[in-house]
Amino acid sequence: MKSRRRPYAEQRPQDLGGGVWSVPVPIPGSPLGYTLVYAVESPKGPVLVDAGWNHPDAWEALSGGLAALGLDVNAVRGVVVTHFHPDHAGLAGQVKEASGAWIAMHEDDAALVRLMTEYVATGHDDFHADMLRRAGADPGEARQAMGERPTPPAQPDRELRDGDLVDLPGRKLRAVHTPGHTPGHICLHLEDADRIFTGDHVLPDITPHVGIYPYDRDDVDPLSDFLDSLDRVSDLSSLNGPLDALPAHEWIFPDVAARAAEIRHHHEEKLERLRALLTRRPQPLTIWEVAAMMTWNRPWDDLPPTLRGMAAGEAAAHLRTLEARGAIRRVAGVDPVRFQALDS
Ligand SMILES: [Zn+2]
């Protein structure tokens with residue numbers, strides 16, 4: 001995918017008006033560059049939307065960026081994270097230590113943080129090896145694709161549900177559950193300002209990763225959830241008029257609904273290409289084989305093992321959606337799991 005990435009070095013903290021500020025916080029070593037952390041004013045101290053990656057440079061950028069805008073990290077009242085990923089929730093714990101802030105996230109991601117804390121301590125490696133094998137990765141590749149053990153973020157103090165108002169005195173900031181990128185991803189609608197903090201759900205140029213883990217689960221359908229969640233933010237716009245999007249990466253953009261429609265189109269095309277691919281190959285294919293045939297931002301052979309693992313997650317999510325729509329089927333009783341087109 002072509003990218004119009006803007007380097008972190010060109011980013012500055014900004015006063016966006018209406019009691020909203022943005023602070024770019026670097027993600028060391030990531031091509032994504034930075035997380036945009038937002039601060040929303042309240043008489044009892046600012047509330048942050050996301051916090052950034054847990055790293056000393058990131059902390060420096062966050063506390064220094066807030067200070068440059070006349071805000072004090074020690075006065076932060078709360079941190080509401082759009083989802084549990086480390087570039088969003090990573091620094092929330094340190095902000096809490098500095099200011100006594102509460103941390104809030106959706107209850108479904110809070111449950112994942114608990115699960116993650118447990119399995120990082122116990123069965124992480126076995127879990128991954130088994131998951132990769134069942135997707136059809138060969139053992140050598142599976143070992144390389146394992147990746148490092150993740151560091152779970154701080155456990156939230158408050159759990160949010162769809163429609164809840166965030167504790168932000170004098171303003172109306174409402175949680176909109178937008179599952180897909182993670183099960184508990186939320187957008188935050190600043191109802192008094194026609195603005196929506198979109199986290200990773202709607203980004204201006206790239207699309208968020210939507211995958212299934214373990215790859216062979218058939219009890220969830222995150223891509224269908226994600227497409228429904230795109231409709232949710234579009235519906236908010238049709239009810240309230242165009243909403244400005246304040247995403248967690250890249251840049252701020254107008255009219256969230258127009259971009260949501262583009263992203264939906266992108267996935268529908270990808271689903272159609274995948275369905276056609278399976279139709280041309282009558283023999284059942286493993287998730288790994290399917291992933292190797294799909295188009296990624298570089299050739300499969302050039303993808304490092306951990307990115308192959310993510311590509312397989314994305315392939316699995318698209319296969320699951322086609323299965324749920326009745327376009328393909330899962331072959332029963334084989335290991336690794338295989339998929340096949342249905343005769344139309
Ligand atoms: Zn994310």
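**Entry 1: the core**

Which residues have the most contacts inside the largest nonpolar core? I looked this up in a predicted model, and the residues are Y38, L62, L188, I196 and I287. The core itself has 89 residues. I then checked which element gives the most to this core, and I found α10, with seven residues. I kept L188, I196 and I287 in mind from that list for the pages below.

**Entry 2: the whole chain**

Next I stepped back to see the protein as a whole. I counted ten helices and 14 strands in its secondary structure. The radius of gyration is 20 Å, close to the 20 Å that the globule rule gives for 344 residues, so the protein is as compact as a globular protein of that length. Along the principal axes, the C-alpha atoms fill a box of roughly 65 × 45 × 35 Å. I noted that 42% of the 344 residues count as buried. Among contacts with a separation of 6 or more, 67% are between residues 24 or more positions apart.

**Entry 3: a sheet of four strands**

I went looking for L188 and ended up in strand β9. The sheet here is open, has four strands in the order β8-β9-β10-β11, and its pairing is mixed. Why is one side of β8 and of β11 left without a neighbour in the sheet? Both strands stand at the edges, and each has a single partner strand, so there is nothing on the other side within the sheet. Neighbouring strands are turned by 25° against each other on average, with direction ignored.

A reminder to myself: strands of a sheet pair through backbone hydrogen bonds, either parallel or antiparallel. I checked two of the pairings here:
- Strand β8 (residues 173-177) and β9 run antiparallel and are joined by five bridges; A175 has L188 as its bridge partner.
- β9 and strand β10 (residues 195-199) also run antiparallel, with three bridges; L188 stands opposite F197, and L190 stands opposite R195.

I also followed the chain from β9 to β10. These two strands form a hairpin with four residues between them, and D194 in the turn has a positive phi of about 50°.

**Entry 4: the two faces of β9**

Are the faces of β9 covered or open? In a regular strand the side chains alternate between the two faces of the sheet. In β9 I found I186, L188 and L190 on one side, with C187 and H189 on the other, and all of them are buried. That fits the count for the strand (residues 186-190), where five of five residues are buried.

I196 was another name from my core list. Setting aside neighbours within four places in sequence, I196 is in contact with C187, L188, H189 and L190, and also with V233, L236, L243, A245, L246 and V256.

**Entry 5: a sheet of three strands and its helices**

V256 led me to helix α8, where V256 is one of the buried residues, along with R259, A260, H267, L274 and L278. α8 has 25 residues and reaches 37 Å from its first C-alpha to its last, close to the 36 Å expected at 1.5 Å a residue. Helix α8 (residues 256-280) lies across β12, β13 and β14, running at about 90° to β14. α10 packs on this sheet as well, touching β13 and β14, and its direction makes about 110° with that of β13.

I then looked at the sheet itself. It is open, with three strands in the order β12-β14-β13 and antiparallel pairing. β12 (285-286) and β13 (328-330) stand at the edges with a single partner strand each, so one side of each has no neighbour in the sheet. β12 pairs with strand β14 (residues 338-341) over two bridges, and T286 has R338 as its bridge partner.

**Entry 6: one residue in α10**

Last, I picked A312, which sits in helix α10 (residues 305-324). Why does A312 count as buried? A312 has 28 C-beta neighbours inside 10 Å, and the cut-off for buried is 20 or more. Leaving out neighbours within four places in sequence, I found A312 in contact with A135, Y215, I287, W288 and A291. I287 is on my core list too. I also looked up T286: A312 and T286 are 26 residues apart in sequence, with 9.9 Å between their C-alpha atoms.

Key: Residues are numbered from 1 along each chain as its sequence is written. This is a predicted model: local features need pLDDT of at least 70, side-chain atom pairs count only at pLDDT 80 or more; totals for chains, interfaces and linings use all residues. The radius of gyration is taken over C-alpha atoms; the globule rule is 2.2 Å times the number of residues to the power 0.38. A residue is buried if 20 or more other C-beta atoms lie within 10 Å of its own, exposed if 12 or fewer, and partly exposed in between; C-beta atoms are placed from the backbone. Two residues are in contact if their C-beta atoms, placed from the backbone, lie within 7 Å. A nonpolar core is a set of buried Ala, Val, Leu, Ile, Met, Phe, Trp, Tyr and Cys residues joined through C-beta atoms within 7 Å. Two strands pair if DSSP finds at least two bridges between them. Axes are lines fitted to C-alpha atoms, for helices over the stretch in contact, and angles run from 0 to 180 degrees between N-to-C directions. The expected span of a helix is 1.5 Å times one less than its number of residues.
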